[in-house]
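Open the model in your viewer and keep the sequence panel beside it. The stops below each give a selection, followed by what is found there.

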Amino acid sequence: MRISVVTPGELGASQTEAWREMRAHTEAPANPFMEPEFTLAVGRVRAPARVAVLWEGGEPAGFFPHERGPLGRGRAIGLGVSDCQGAVLRPGLGIDPRELLRACSLSAWEFDNLEAGQKLFEPDAADAFGSPVIEVATGYAAYEEQLRERSPRFLRTTLAKERELGRRAGGVRFVLDERDPAALRTLMSWKSAQYRGTGRRDRFSQRWTSTLVRQLHESRAAGCRGTLSVLYAGDRPVAAHFGLRSRTVLSCWFPAYDPGFASFSPGLILHLRMAEAAAGEGIALLDLGRGAAEYKDALKTGELRVHEGASLRPGPGAAVYWLGREPVRRAHGFVRGHPWLAAQARRALNRVGRLRGTR
């Protein structure tokens, strides 16, 4: 096996097509974050973005998108905004993760939404989390009937609020795939205010994130297509969501609403209409994403599993990386199981201290 490392922009058409073919034959849901288009988009806004291409018999046998930082510290492509991560490999391909990290000049590779079934990296996971999903493969009517049985009050109240909002505003209108850039700017403004109001870091204050979202909004690729969904009351947008979709999965990403309409629960109405419209277009699964939220518990029909942790390749870089990473310590049983790495960490820190002392 041969491994070459390139920037996403250096991938050829035949390689991206091989990537799509491998994903098409996996048993995992067709999550758009795992398609080459997402990595290509991140590569246009993130200079550290790289892809390891695994070759076998002169043909691409796998792809490993990642970002490389100082001291070989690696992270999942688009870490911080990517909701599904991992390698794309030909079925049955055998490779040691340390060998892959060595070929990429990585001392560690950090992930926080590792796709379930990623056997190459799952042993290095520190924890697993549920990612709530809405299954609409059998149609929206079947999904609504599930809600009616499981959460009758929730469904009844939300539909009543939708009717009342329509009466007051002169009608409610939903657009699954809104192309107006002004609507996207409105969503980003709402979301930034929400981040600040809850004391969280505003993702859209980072230029690369806002640029990435705008570029993906323009994408029409079948496997990874930016989708802006908007709920209008009259002619005014009151709730919106930007996500990525493939032919069968809508990955929910950035939802927000106008706080002035909070009493009508426009975000919940929006998600119900998204599920209805998505089912009508053949989408089988809406992935609401990792993280606890009341609205997810109310809407979900099940969960997928995602993992958090890091793969380490023994060496000083991995040792330094480990020091501030409690999940990695838990995952690797560091104190009892890695005395050699502990020694490397002490030597690396002493070296850093000496260098600082000469400045």
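Select Ala277, which lies in helix α8. This is a predicted model, and every value on the tour is computed from it. Ala277 has a relative accessible area of 22%, so it counts as partly exposed, the range for that class starting at 20%. Leaving out residues up to four places away in sequence, Ala277 touches Phe174 and Leu176. Add Asp177 to the selection: 100 residues separate Ala277 and Asp177 in sequence, while their C-alpha atoms are 9.8 Å apart.

Stay with α8 and show the whole helix, residues 266-280, together with helix α4, residues 140-150. How are these two helices placed relative to each other, in angle and axis distance? They pack at an angle of about 145°, and their axes are 9 Å apart. On the α4 side, display Tyr140, Tyr143 and Leu147; on the α8 side, display Leu272, Arg273, Ala275, Glu276 and Ala279. Colour this contact by residue class and there are 6 nonpolar residues, no polar ones and 2 charged ones.

Next, step back to Ser265, in the loop between β11 (249-257) and α8. Ser265 is not a glycine, yet its phi is positive, near 50°. Is Ser265 buried or exposed? Its relative accessibility is 17%, so Ser265 counts as buried, the cut-off being under 20%.

Go from there to Ser105, in the loop between α3 (97-103) and β6 (108-115). Ser105 is also a residue other than glycine with a positive phi, here about 60°. With 39% relative accessibility, Ser105 counts as partly exposed.

A third serine is Ser131, in strand β7, residues 125-135. Ser131 has a relative accessible area of 3% and is therefore buried. Turn on its side chain and that of Asp287: a polar contact of 2.7 Å joins the two. To see the surroundings of Ser131, also select Gly289, Arg290, Gly302, Glu303, Leu304 and Val306, which Ser131 touches along with Asp287 when residues up to four places away in sequence are not counted.

Now move to the second helix pair. Select helix α6, residues 181-197, and helix α7, residues 207-218. The angle between α6 and α7 is about 145°, with 11 Å between their axes, and the crossing is right-handed. Pro181, Leu184 and Met188 of α6 meet Ser210, Val213, Arg214 and His217 of α7. The classes in this contact are 4 nonpolar, 2 polar and 1 charged.

While α6 is on screen, pick Arg185, which lies in that helix. Its relative accessible area is 56%, so Arg185 is exposed, that class being over 50%. The C-alpha atoms of Arg185 and Arg214 are separated by 9.1 Å, and the two residues are 29 apart along the chain.

The next selection is the largest nonpolar core. Which of its 42 residues touch the most other members? They are Phe38, Leu212, Leu216, Phe242 and Trp253. At least two residues of this core come from each of α1 (13-24), α2 (36-45), β2 (49-56), α6, α7, β9 (225-233), β10 (236-245) and β11. The most come from α6, which gives 6 residues. Centre the view on Leu212: not counting residues up to four places away in sequence, Leu212 touches Phe38, Ala41, Val42, Val45, Val81 and Trp253. A second core, separate and made of 30 residues, includes Val136, Phe154, Leu250 and Leu299.

Then isolate α2, a mostly covered helix in which 7 of the 10 residues are buried. Highlight Pro36, Glu37, Phe38, Thr39, Ala41, Val42 and Val45 to see the buried ones. Bring back the elements that cover them, including α1, β2, β3 (59-68), α7, β10 and β11.

To finish, show the whole chain. The protein has 13 helices and 13 strands. Colour by accessibility: 53% of the 359 residues count as buried. Among contacts in the protein with a separation of 6 or more, 73% are between residues 24 or more positions apart.

Terms used
Residues numbered from 1 in each chain as written. Predicted model: local features only at pLDDT ≥ 70, side-chain atom pairs only at ≥ 80, totals over all residues. Heavy atoms only, no water. Axes fitted to C-alpha atoms, helices over the stretch in contact; angles between N-to-C directions. Helix = DSSP H or I, 4+ residues; strand = E, 2+ residues; numbered from the N terminus. Left-handed = near helix turned anticlockwise from the far one by under 90°. Contact = heavy atoms within 4.5 Å. Nonpolar A, V, L, I, M, F, W, Y, C, P; charged D, E, K, R; others polar. Buried < 20%, exposed > 50% of the residue type's maximum accessible area, 1.4 Å probe, protein only. Core = buried A, V, L, I, M, F, W, Y, C linked by side-chain atoms within 4.5 Å. Polar contact = N/O pair within 3.5 Å; in protein donor to acceptor, adjacent residues only side chain to side chain.
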